[in-house]
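Hi,

Here is the structure I promised to pass on. Have a look at it first, and then read on for what turned up.

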Amino acid sequence: MFIEPFSFAPMPAIEFGWGCTESKLANSILAQTQHKLMLVSSGYADQNFVDSCLADVLNQRDVHRVVVRGEPSAETIDALVAAAPSDIELVIGFGGGSVLDAAKAIAGLLPEGFSVVDYLEGVGCGRKITLTPVPFIAIPTTAGTGSETTKNAVISRQGVFKKSFRDDRLLAKQAWLDPRFLPHCPPSVLYPTAMDAFTQLLESYVTLKANPMTDALAWQGLRLFQGAFELIESTDEAAKKQGYGRLMLAASFSGMTLANAGLGAVHGLAGPIGAFFDAPHGLVCARLLAPITRLNIEALQNLNTEQASVPLAKYLQVAKLLTGRADLAGLVVAIEGVVAKTIPQGLADFGLTKDNLDPVLQNSRAGSMLGNPIVLSDQALQTAMFEAL
């Protein structure tokens with residue numbers, strides 16, 4: 001088999017394990033700073049995890065603490081950068097994907113002196129980072145976006161845009177993957193974020209930009225995901241820990257694969273949906289995944305070419321993994337079953353209707369959509385969104 005040329009982005013140093021943030025995190029941070037650091041956390045993490053994990057750090061360093069709730073807006077990022085002390089040595093993101101994106105963007109902008117909007121793909125003036133960002137450490141408390149292993153921060157302006165600030169130098173210096181945070185996630189957070197990770201793994205596995213390294217990581221991530229929900233719902237504590245660990249690692253793998261292979265039509269639609277509607281990203285991806293997968297499979301089968309055979313073969317592999325049978329229709333049914341069981345809300349609950357989706361379609365053709373294994377028509381994309389309502 002001829003292997004096409006590819007590149008693979010650098011990864012952060014990774015620490016994984018139940019309780020790793022209790023045993024080693026504080027000493028690592030102290031070794032990397034002498035005076036002042038910035039701690040960006042979610043409200044929940046700040047109230048429940050930060051002080052216990054970082055007591056030694058808080059006692060021995062000058063810590064500038066900020067809390068980010070919800071997806072970071074351009075205005076929030078600019079305000080936090082403007083208010084930050086000038087001598088920050090390290091930025092720590094401690095929370096879900098939105099917190100990590102905010103911390104990542106802040107670390108990149110602290111030396112720069114310009115608005116984050118200037119750097120955003122598709123809406124900014126094309127400005128690039130010219131100075132070395134402040135080092136950034138990622139501590140995820142959800143298993144979803146994989147932001148801890150990516151080089152981009154997603155920034156929004158509600159009703160206007162949801163775009164990426166992207167640069168190799170934004171990558172975290174370290175990612176601390178501690179599954180013990182996941183049992184504290186309510187189901188309304190845990191399941192949609194996990195389905196975002198699953199969507200990223202599946203899309204990056206079948207994308208046009210896949211390569212042998214991303215295939216290996218995506219497949220391993222899908223194997224980790226398979227059965228993880230059943231494990232965390234078990235009454236056996238050891239099984240629960242195993243399930244949470246598998247979700248945490250699968251999510252980080254999904255970050256690695258999306259950073260190097262891109263995504264597809266689900267995220268191509270999820271981006272503008274997030275820009276124009278206040279809908280949780282993971283839930284949007286979960287509700288779109290089955291209809292987009294079905295439409296991709298049907299379009300690839302109709303194409304009937306050698307190019308279509310590769311993603312179809314991958315879809316068959318995933319179908320066999322999840323259902324025990326190489327049945328493409330069964331794969332779609334299996335995804336529908338997981339979503340119906342874990343995520344009761346549809347997109348209509350967040351204001352989407354059949355009559356207000358034109359802005360989403362008009363803004364869906366760039367970015368992630370370019371990696372979809374086949375070009376889907378506007379009618380097909382509209383059908384997928386109607387089914388997700």
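**The largest cavity and its helices**

Three helices, namely helix 8, helix 12 (265-276) and helix 13, each put at least two residues into the lining of the largest cavity. Before going further, please keep in mind that this is a predicted model.

The cavity itself has a volume of about 70 Å³, and the count of cavities of 30 Å³ or more comes to 2. Its lining is made up of L202, E203, V206, G264, A265, V266, L289, I292, T293, N296, Y315 and N372. Which helix gives the most to that lining? Helix 13 does, with 4 residues.

**Helix 13**

That helix runs over residues 281-303, which makes 23 residues. From first C-alpha to last it reaches 31 Å, close to the 33 Å expected at 1.5 Å a residue. Still, helix 13 has a bend of about 40° at L289, with a proline, P291, following within four residues. L289 is worth finding on screen, as this residue is also in the lining of the largest cavity. Just after helix 13 comes N304, and the phi of N304 is positive, near 55°.

**Helix 8 and Q200**

Now for helix 8, which covers residues 187-206. Helix 8 has 20 residues and reaches 28 Å from its first C-alpha to its last, close to the 28 Å expected. Is helix 8 largely enclosed or open? Of its 20 residues, 17 are buried, so helix 8 is largely enclosed by the rest of the structure.

One residue to click on here is Q200, which lies in helix 8. Q200 is buried, at a relative accessible area of 4%. Setting aside neighbours within four places in sequence, Q200 has contacts with G144, T145, G146, S254, G255, T257, L258, L263 and H267.

**The second largest pocket**

There is also an open space to look at: the second largest pocket holds about 510 Å³. It is lined by 17 residues, and those closest to its centre are A210, N211, D215, V310 and K314. Helix 8 turns up again, since the elements giving two or more residues to this lining are helix 8, helix 9 (212-225) and helix 14 (306-323). Helix 14 gives the most, with 4 residues.

Helix 9 deserves a moment too. What span should its 14 residues have at 1.5 Å a residue? The answer is 20 Å, and the end C-alpha atoms of helix 9 are 20 Å apart, which agrees. Its buried residues are T214, D215, L217, A218, G221, L222, L224 and F225. Their cover includes helix 8, helix 10 (228-232), helix 11 (237-261) and helix 14. You'll spot D215 in two places, then: D215 is buried in helix 9, and D215 is among the residues closest to the centre of the second largest pocket.

**Two residues from elsewhere**

F6 sits in the segment before strand 1 (13-16). Is F6 buried or partly exposed? It is partly exposed, with a relative accessible area of 38%. Beyond neighbours within four places in sequence, F6 is in contact with N211, P212 and M213. N211 also belongs to the residues closest to the centre of the second largest pocket. The C-alpha atoms of F6 and L25 are 34 Å apart, with the two positions 19 residues apart along the chain.

P72 is in the loop between strand 3 (62-67) and helix 6 (74-83). This proline is buried, with a relative accessible area of 3%. Neighbours within four places in sequence aside, P72 is in contact with I77, S98, D101, A102, V154, I155 and S156. Between the C-alpha atoms of P72 and V284, 212 residues apart along the chain, the separation is 17 Å.

**Cysteines**

How many disulfides does the structure hold? The number is 0. C53 is in no disulfide, and the nearest cysteine sulfur, in C20, is 9.0 Å away. C53 is buried, with a relative accessible area of 6%. Why is C285 not bonded to C185? The sulfur of C285 is 17 Å from that of C185, the closest cysteine sulfur, and this is too far for a bond. C285 is buried as well, with a relative accessible area of 0%.

Happy browsing!

Technical notes: Residues are numbered from 1 along each chain as its sequence is written. This is a predicted model: local features need pLDDT of at least 70, side-chain atom pairs count only at pLDDT 80 or more; totals for chains, interfaces and linings use all residues. Side-chain values use heavy atoms; hydrogens and water are left out. Buried means under 20% relative accessible area, exposed over 50%, partly exposed in between (1.4 Å probe, protein chains only). Contact means heavy atoms within 4.5 Å. The expected span of a helix is 1.5 Å times one less than its number of residues. The bend at a residue is the angle between axes fitted to the seven residues ending there and the seven starting there. A disulfide is a pair of cysteine sulfur atoms within 2.5 Å. On a 1 Å grid over the protein atoms alone, a cavity is a set of points where a 1.4 Å probe fits but cannot get out, and a pocket is an open set with protein on both sides within 12 Å along at least five of seven lines; lining residues have an atom within 4 Å of a point. Grid points are joined across faces, edges and corners, and a volume is the space filled by probe spheres set on the points.
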